[in-house]
Amino acid sequence: MRVPLLVSGAIVALFASALPTQASPSSIVDPPPDKIVIDVATVNGSGCPQGTTAIAVSEDNTAFTVTYSDYLAQVGGNSSPTAARRNCQLNLLVHVPHGFTYAIASADYRGYASLRPGASSTEKASYYFQGSPNTASRTHTFRGPYEDNWQATDDTDWAQLVWAPCGVQRNFNINTELRVNAGTSNPATTSYMTMDSTDGDISTVYHLAWKECPDS
């Protein structure tokens with residue numbers, strides 16, 4: 001799947017432990033007019049069977065949205081033991097204009113949870129560049145009784161942003177997971193969690209920022 005994106009700079013990185021000198025907030029620029037393309041190399045996982053995932057890029061080139069249609073974890077009742085955990089890994093190849101680098105500054109996850117008293121659920125996301133030993137993760141927990149929409153944001157302070165290597169093509173991996181735990185809830189009842197928007201699709205938004213690479 002290839003998604004064209006008109007941009008004018010570089011995407012900022014997400015969840016890193018160290019920040020290069022050139023990645024100071026003053027170096028952030030507006031998106032450039034050149035075209036950027038996102039190739040979805042692979043989409044794998046129990047939460048995103050083939051044909052249930054799509055990617056769209058915002059008109060202002062500062063975000064992209066991943067939409068799912070079959071991402072649900074549940075426990076209790078007649079649920080399968082393996083249904084308590086669902087995951088999806090996106091392997092993205094991002095082509096940016098020459099002289100720019102990219103990364104994700106924040107991510108918004110939304111869905112619906114129905115948790116019986118005593119049950120709980122978690123949404124977890126991990127981020128890493130191909131070939132990098134560093135994996136950053138964020139986890140959000142919800143506890144029953146809960147019957148409502150949910151939203152979670154993974155955000156990174158500007159001082160902790162790390163940029164993708166300049167002049168090197170590295171795939172960017174995003175691995176998400178939903179897990180539901182029955183806990184002390186009545187085993188005859190069902191608790192579940194989805195990444196689910198009001199129209200029935202699962203919508204996850206990744207926010208981008210831009211930066212120029214230093215002169216070679």
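Buried means under 20% relative accessible area, exposed means over 50%, and partly exposed lies in between (1.4 Å probe, protein chains only). This is a predicted model, in which local features need pLDDT of at least 70 and side-chain atom pairs count only at pLDDT 80 or more, while totals for chains, interfaces and linings use all residues. Residues are numbered from 1 along each chain as its sequence is written, and side-chain values use heavy atoms, with hydrogens and water left out.

**Stop 1: W150**

Select F142 and W150; both are buried. W150 lies in strand 12; helices (H or I, at least four residues) and strands (E, at least two) are DSSP runs, numbered from the N terminus. The relative accessible area of W150 is 3%. Show the residues in contact with W150 (heavy atoms within 4.5 Å). Not counting residues up to four places away in sequence, they include Y109, Y112, F142, L178 and T194.

Now add T194. The C-alpha atoms of W150 and T194 are separated by 9.2 Å, and the two residues are 44 residues apart along the chain. The W150 side chain reaches the backbone oxygen of T194 at 2.8 Å. This is a polar contact, a pair of N or O atoms within 3.5 Å; within protein, one must be able to donate a hydrogen and the other to accept it, and residues adjacent in sequence count only if both atoms are side-chain atoms.

**Stop 2: aromatic rings**

The structure holds five aromatic pairs. Rings of Phe, Tyr and Trp (its six-membered ring) pair if their centres lie within 6.5 Å; planes under 30 degrees apart count as stacked, over 60 as edge-to-face and the rest as tilted. Select Y68 and Y71: the ring centres are 5.1 Å apart and the planes are at 80 degrees, so this pair is edge-to-face. Y68 is buried at 1% relative accessibility, and Y71 is buried at 1% as well. Return to F142 and W150, whose ring centres are 5.4 Å apart with planes at 55 degrees, so that pair is tilted. Adding Y146 completes one aromatic cluster of F142, Y146 and W150.

**Stop 3: the G144–P145 peptide**

Move to P145, in the loop between strand 11 (136-143) and strand 12. The peptide bond that joins G144 and P145 is cis, with omega about 5 degrees. Most peptide bonds are trans.

**Stop 4: salt bridges**

How many salt bridges does a search of the whole structure find? It finds three, each a side-chain nitrogen of Lys or Arg within 4 Å of a carboxyl oxygen of Asp or Glu.

Select E177 and R85, whose closest N and O atoms are 3.3 Å apart. E177 is in strand 13 (residues 172-181) and R85 in strand 7 (residues 85-95), so their salt bridge ties together parts that are 92 residues apart in sequence. E177 is buried at 12% relative accessibility, whereas R85 is partly exposed at 32%. Add R179, which forms a salt bridge with E177 at 3.0 Å between the closest N and O atoms. R179 is partly exposed at 39%. R85, E177 and R179 are thus linked in a network of salt bridges.

Next, select E147 and R116, whose closest N and O atoms are 2.6 Å apart. E147 belongs to strand 12 (residues 146-155) and R116 to the loop between strand 9 (104-115) and strand 10 (120-129), so this pair ties together parts 31 residues apart in sequence.

**Stop 5: strand 6**

Finish at strand 6 (residues 72-75), where A73 and V75 make up the covered face and L72 and Q74 the uncovered one. V75 stands opposite S191 in strand 14.

Note on methods
Pairing = 2+ DSSP bridges.
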